[in-house]
Each structure stands twice: as C-alpha cells, then as structure tokens.
There are 2 protein chains.
Amino acid sequence: MSGIERRTGVALWRQIADDIRAAIGNGDHDDGRLPTEAALAARFDVNRHTVRQAIAALAREGVVETVQGRGTAVVPRRRVTYPIGARTRFSAGLGGQVATAVTRLIGSLRETANEELAATLRLSPNAPLLRLETLGEADGVPLSRAVHWFDAERFSGLVEAYGREGSITRALAACGVSDYVRVSTEISAAPATGADREDLALQPGAVVLLTRSVNADPQGRPIQASRSRFAADRVTLSVAPDEPATDLP
Amino acid sequence: MSGIERRTGVALWRQIADDIRAAIGNGDHDDGRLPTEAALAARFDVNRHTVRQAIAALAREGVVETVQGRGTAVVPRRRVTYPIGARTRFSAGLGGQVATAVTRLIGSLRETANEELAATLRLSPNAPLLRLETLGEADGVPLSRAVHWFDAERFSGLVEAYGREGSITRALAACGVSDYVRVSTEISAAPATGADREDLALQPGAVVLLTRSVNADPQGRPIQASRSRFAADRVTLSVAPDEPATDLP
DNA sequence: GTCGGTTGTCTATAATACTAGACAAATAAT
DNA sequence: ATTATTTGTCTAGTATTATAGACAACCGAC
C-alpha cells in the first residue's frame with residue numbers, strides 16, 4: 001500500500017514528496033512533525049536517500065523544515081476559501097481571511113470573438129472584444145490568474161478605468177454597470193502549465209483549479225466571460241447557496 | 001517557451017505527454033491530428049525518441065492512436081458536466097449526457113463522529129455515524145468516488161435501503177426524507193492518490209476534483225456530509241445560479 | 001511503381017535516478 | 001558526560017532516462 005510506482009516517468013522521490021505534501025494537506029502530521037527518514041523509507045519501501053531527496057524538495061518549497069538531530073517539522077500553512085455565488089467578487093470574497101487582496105492587470109488587448117465567446121456574451125460573431133488578464137494576490141501571494149472578455153464597444157473605456165480604480169468591479173461601475181451577478185461557473189482541474197507555474201509561483205507537479213464563469217448585469221445581459229486558474233494548494237472554492245445581504249430576490 | 005524542465009523529478013517524456021494531453025483537452029488538435037514526431041521533438045527541444053515515448057504513453061492511455069507512415073491521431077473524448085446546485089443529485093444531474101448513470105455502494109461501516117463531522121451534522125461529539133462509500137459511474141466509466149456520513153440513529157436502515165433502491169436519494173426517501181437540498185459545497189483539487197487511480201482507473205499524474213458538501217432536509221437540518229473525488233479529466237463541475245423547478249424560494 | 005513524408009526498430013553512449021553501506025554531526029534525554 | 005536517536009555526507013554500483021544516428025517499414029499522392 002505504498003502508493004508509489006516505478007517506471008511511470010515520475011521519479012520516486014517526487015512521488016514521495018507529492019504524497020507527503022498531500023498527506024500534510026489532508027491533515028495528517030497535524031502534530032507538526034514528519035516521521036523519521038528511516039520510517040518513511042520503510043513505509044515507501046525505498047532507500048533513505050530517496051526519502052531525503054523528497055524531503056529536500058519539500059524543504060525547498062517551504063513546506064517542511066528539517067534540523068539535524070531533531071527531525072523534520074511541518075511549516076504551518078494557510079489556505080484561503082474563495083466563495084462562489086451570485087455576488088462573487090475577488091477582493092470582497094477574501095475579506096477577513098487576509099490582510100490585503102488585490103488584482104493586478106498584467107495585460108490587455110483587443111481581439112475578435114470566436115464562436116463560443118460570441119454565443120456566451122450574446123454578441124455577433126467576430127465582434128470586437130476587450131481581453132483583460134489579471135493576477136489575483138492575497139498578502140502578496142499569487143492565488144489566481146484570469147482572462148476576462150468584455151464587449152469592446154460597450155466597455156471601450158474599461159482598461160483606463162481599471163488603471164484608475166484597480167478592480168474590475170469598480171472599473172465596470174465607472175463604465176455604467178453599477179451591479180452585476182454571476183450567472184454560471186464551471187469548474188475543472190488540471191496539472192499546472194508552465195505559465196501557471198511562472199505566474200502563480202507553483203512547483204512542478206502542482207495542480208490548478210480552472211473556472212469558466214459568466215457575469216451579467218441586473219437585466220440578465222451577459223457582460224463578462226472569464227477563465228480563472230487558481231493555485232489548488234492555496235485556494236478552496238466554496239459554493240454557497242446564497243450570499244448574505246444580496247440585492248437580488 | 002517549451003514549458004518542460006529538466007531535473008524536476010518528472011521525466012521529460014512524461015512532461016511532454018502531460019503537455020500534449022492538456023493541449024488536447026484545451027481544444028488544440030481539434031483537427032484530430034498531432035504534429036509529426038519530428039515537429040514535436042523540435043518544439044520541445046528533445047530527441048525524437050523522447051517524444052515517441054510520450055506518444056506511446058498517450059497511446060497506452062487511449063488518448064491518441066498512431067499508425068506507421070500516416071501519423072498520430074487524437075481519439076475523440078467525452079467530458080461530462082456535473083451540475084452543482086440546490087438540487088444536486090448524481091444520476092439526475094448527468095441525465096441526457098450519458099446513457100446510464102449509476103452509483104454503486106463499495107463499502108459501509110459505522111464509526112463515531114470526529115469534531116468536524118459532529119459540528120457539520122449538528123450532532124454531539126462521538127455520535128454514531130453511518131459511513132457509506134460509493135462509486136459513481138456513467139456508461140461504465142468511473143467518474144467519482146465518494147464518502148458519505150449520516151446520523152446512524154436517524155438513518156439506521158439506510159444501508160439496507162440503499163441495497164434495495166440503488167441510490168442515496170431513494171434510500172433516504174425510504175428512511176422518511178422525501179426531499180433534501182445542498183447547503184454547501186467546497187471545491188478543491190489535488191493530484192490523484194493511489195486509491196484514486198485504482199478506483200477511477202486513472203493514469204499516474206492525473207488530477208482529481210475534491211468536493212466537501214452538506215445536504216439538509218427541507219427544514220434546514222443537516223442530514224448528510226459528503227466528500228467526493230471526481231476524475232478531473234472526465235468531469236466538469238457546473239455551478240448553476242438556481243436549478244429549474246426547485247422547491248426552494 | 002515511385003517518391004516524399006512519416007512511424008518503427010536497432011545500436012551505442014551519456015546523464016540522471018536509485019540503492020547500499022558506512023560513518024560523522026547534531027539534538028534531546030538521562 | 002553519556003547515550004540513543006536523528007539528520008548530514010561520502011563512496012560506489014546498478015537501473016532508468018535521454019541523446020544520437022542510421023535505416024527499415026509503411027502510407028498516401030502522383
């Protein structure tokens with residue numbers, strides 16, 4: 001029942017590191033300590049050097065800290081819960097959990113709608129779109145990167161407004177959309193890509209949560225299509241039945 | 001921009017295989033063909049043999065099919081969307097997408113509530129619980145495995161009812177709960193464990209979507225806590241704002 | 001049939017990952 | 001101080017992974 005396999009293309013030490021990291025995330029080792037290298041070697045049925053390599057990798061990631069003669073300790077970690085509901089907003093959703101939650105605009109460009117986006121936003125095919133790429137951070141730690149599409153005609157001043165306001169919600173307000181609601185969210189998951197690892201400071205082998213969502217104005221007209229990629233080891237998505245203090249019926 | 005790295009503990013051929021699999025899932029190669037081995041070797045800046053090993057792995061998984069002299073073709077794949085909302089039910093949610101959707105009971109036992117479960121289900125600490133483990137399948141393909149907890153006193157006949165009825169919804173109905181609603185769902189993601197790979201027939205390196213959910217009776221009393229693990233390459237979770245024909249306000 | 005392009009197979013070599021054992025160095029308890 | 005426990009370092013051998021090149025086998029188009 002060691003759970004690790006040979007000849008799979010994934011080095012044993014990495015499988016072991018992933019297993020230990022998952023075990024920590026799963027709430028094992030809540031005593032703050034890892035078993036000894038010898039015990040882990042026996043459990044995984046590998047050489048102690050292989051376990052040492054796994055632990056060294058986790059230490060480089062900052063997941064554990066090891067001291068000669070004493071053992072290996074688990075570094076306490078925090079996980080943020082990101083609520084998804086009718087009133088989903090990045091900064092507000094993390095309020096209370098972190099000191100600072102910000103989204104940074106890391107790029108924007110104009111492009112034409114493909115078939116899917118046009119249908120989602122109820123625009124004509126090849127309609128001009130505004131594409132915004134953002135990075136969501138909490139306390140300086142990157143949590144998500146996202147691509148957002150808007151009708152370029154209706155929201156021509158959006159990028160400038162974002163530059164002034166620093167958030168999509170406020171930028172939309174400056175463009176005359178004082179309120180909007182989340183109408184759909186689709187969630188999947190996949191291994192992190194190279195771009196994910198770079199933008200979100202993830203380790204190889206990390207996992208991202210993928211969401212595709214659509215926001216609409218109070219009249220139900222779609223105004224924003226987004227694809228977000230969350231660092232799965234730092235974020236839990238929470239689907240609430242209804243937000244408190246919502247404006248909606 | 002090849003996206004693959006050396007010395008990460010993941011063999012190059014596996015990184016390439018994962019990258020190609022992700023690209024397919026991302027909608028690239030929708031023409032049904034993969035670039036030639038030589039082109040891929042150039043793109044990833046590796047030897048052709050390394051690319052061949054990656055393609056061979058994907059062929060073993062059934063993701064691609066390769067014919068000498070012709071090239072490598074992408075095997076069309078299906079992805080199921082699993083709706084999450086107030087009225088989340090496994091079989092009904094997949095209706096229309098697949099021919100048959102069933103949950104199988106793969107184990108059940110009695111255990112006592114830990115602190116977290118007791119709080120979730122509003123039971124006293126160490127209250128007796130019924131633990132059911134199920135496997136969700138669509139058209140014979142495993143999609144999810146889940147653990148469910150119920151108040152053992154209130155639902156003493158649940159396991160027998162499940163044996164007769166073949167679904168949790170109907171088993172609950174037989175125990176006097178004719179209706180229930182989803183009150184919370186938390187979603188995260190992680191690499192598949194060995195048990196995941198076994199139960200869900202996943203390849204090493206696969207990813208699972210994790211949900212923790214609570215169902216309550218119409219009076220709002222929690223009756224069921226569940227933890228599900230979905231095969232992320234076969235399932236998309238969809239968060240709908242509200243289900244049609246719901247009983248709730 | 002012939003040809004260009006593609007995948008299949010073989011040999012050989014180098015780099016990386018894993019195992020094995022021994023002993024040093026640090027920690028914590030006695 | 002002594003001791004048991006635990007991590008750190010070193011050497012060496014084996015197995016897996018990656019590279020390199022050459023050529024065969026096969027497909028589709030002409």
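A polar contact is a pair of N or O atoms within 3.5 Å; within protein, one atom must be able to donate a hydrogen and the other to accept it, and residues adjacent in sequence count only if both atoms are side-chain atoms. Keep that handy for the exercises below. This is a predicted model, where local features need pLDDT of at least 70 and side-chain atom pairs count only at pLDDT 80 or more, while totals for chains, interfaces and linings use all residues. Residues are numbered from 1 along each chain as its sequence is written, chains are lettered from A and ligands numbered from 1 in the order in which they are written, and side-chain values use heavy atoms, with hydrogens and water left out.

**Exercise 1.** Find out which residues touch a phosphate oxygen of DNA strand D, and describe the surface around that strand.

Step 1. Start with Arg70(B): an N or O atom in its side chain is 3.1 Å from a phosphate oxygen of DNA strand D.

Step 2. Go over to chain A. Arg7(A) puts a polar side-chain atom 2.8 Å from a phosphate oxygen of the strand, while Glu37(A) uses a polar backbone atom, 3.1 Å from a phosphate oxygen.

Step 3. Now list the elements, which are DSSP runs numbered from the N terminus (helices are H or I with at least four residues, strands E with at least two). Those giving two or more residues to this surface are H3, strand E1 (64–67) and strand E2 (71–74) of chain A, plus helix H1 (12–25) and H3 of chain B.

Step 4. Look at the whole neighbourhood, where "near" means that a heavy atom of the residue lies within 4 Å of the strand. There are 25 residues around DNA strand D, and Arg48(A), Leu12(B), Trp13(B), His49(B) and Thr50(B) come nearest. On the DNA side, sugar or phosphate makes up 66% of the atoms within 4 Å of the protein, and bases make up the rest.

Step 5. Sort by class: Ala, Val, Leu, Ile, Met, Phe, Trp, Tyr, Cys and Pro count as nonpolar, Asp, Glu, Lys and Arg as charged, and the others, Gly among them, as polar. That gives five nonpolar, 13 polar and seven charged residues near DNA strand D.

**Exercise 2.** Do the same for DNA strand C, looking for a contact to a base.

Step 1. Count the neighbours: 24 residues surround DNA strand C, and the closest are Leu12(A), Trp13(A), His49(A), Thr50(A) and Arg48(B). Of the strand's atoms that come within 4 Å of the protein, 63% belong to sugar and phosphate.

Step 2. Check the backbone of the protein. Leu12(A) has a backbone N or O atom 2.3 Å from a phosphate oxygen, and a polar backbone atom of Gly69(B) is 3.2 Å from a sugar or linking oxygen.

Step 3. Here's the base: a polar side-chain atom of His49(A) lies 2.4 Å from a base oxygen of DNA strand C.

Step 4. Sort the surface near DNA strand C, and you get five nonpolar, twelve polar and seven charged residues.

**Exercise 3.** Work out how chain A and chain B meet.

Step 1. Take the contact, meaning heavy atoms within 4.5 Å: 33 residues come from chain A and 31 residues from chain B.

Step 2. Add the buried area, which is the accessible area (1.4 Å probe) that two parts lose on being put together, summed over both. The two chains bury about 2,500 Å² between them, with 57% of it on carbon and sulfur atoms. Gly9(A), Ile187(A) and Val239(A) supply 20% of what chain A buries here, more than any other three residues.

Step 3. Look for salt bridges (a side-chain nitrogen of Lys or Arg within 4 Å of a carboxyl oxygen of Asp or Glu). Two cross this interface; Glu5(A) and Arg197(B) meet in a salt bridge at 3.1 Å, N to O. Side chains of opposite charge can pair when their charged atoms come close.

Step 4. Follow the strands, which pair if DSSP finds at least two bridges between them. E7(A) pairs with strand E10 (residues 235–239) of chain B in the antiparallel sense, over three bridges, with Ser238(B) as the bridge partner of Glu186(A).

**Exercise 4.** Trace the hairpin of E1(A) and E2(A).

Step 1. The two strands run antiparallel and are joined by four bridges. Val64(A) has Val74(A) as its bridge partner.

Step 2. Three residues sit between the strands, and Gly69(A) in this hairpin takes a positive phi near 90°.
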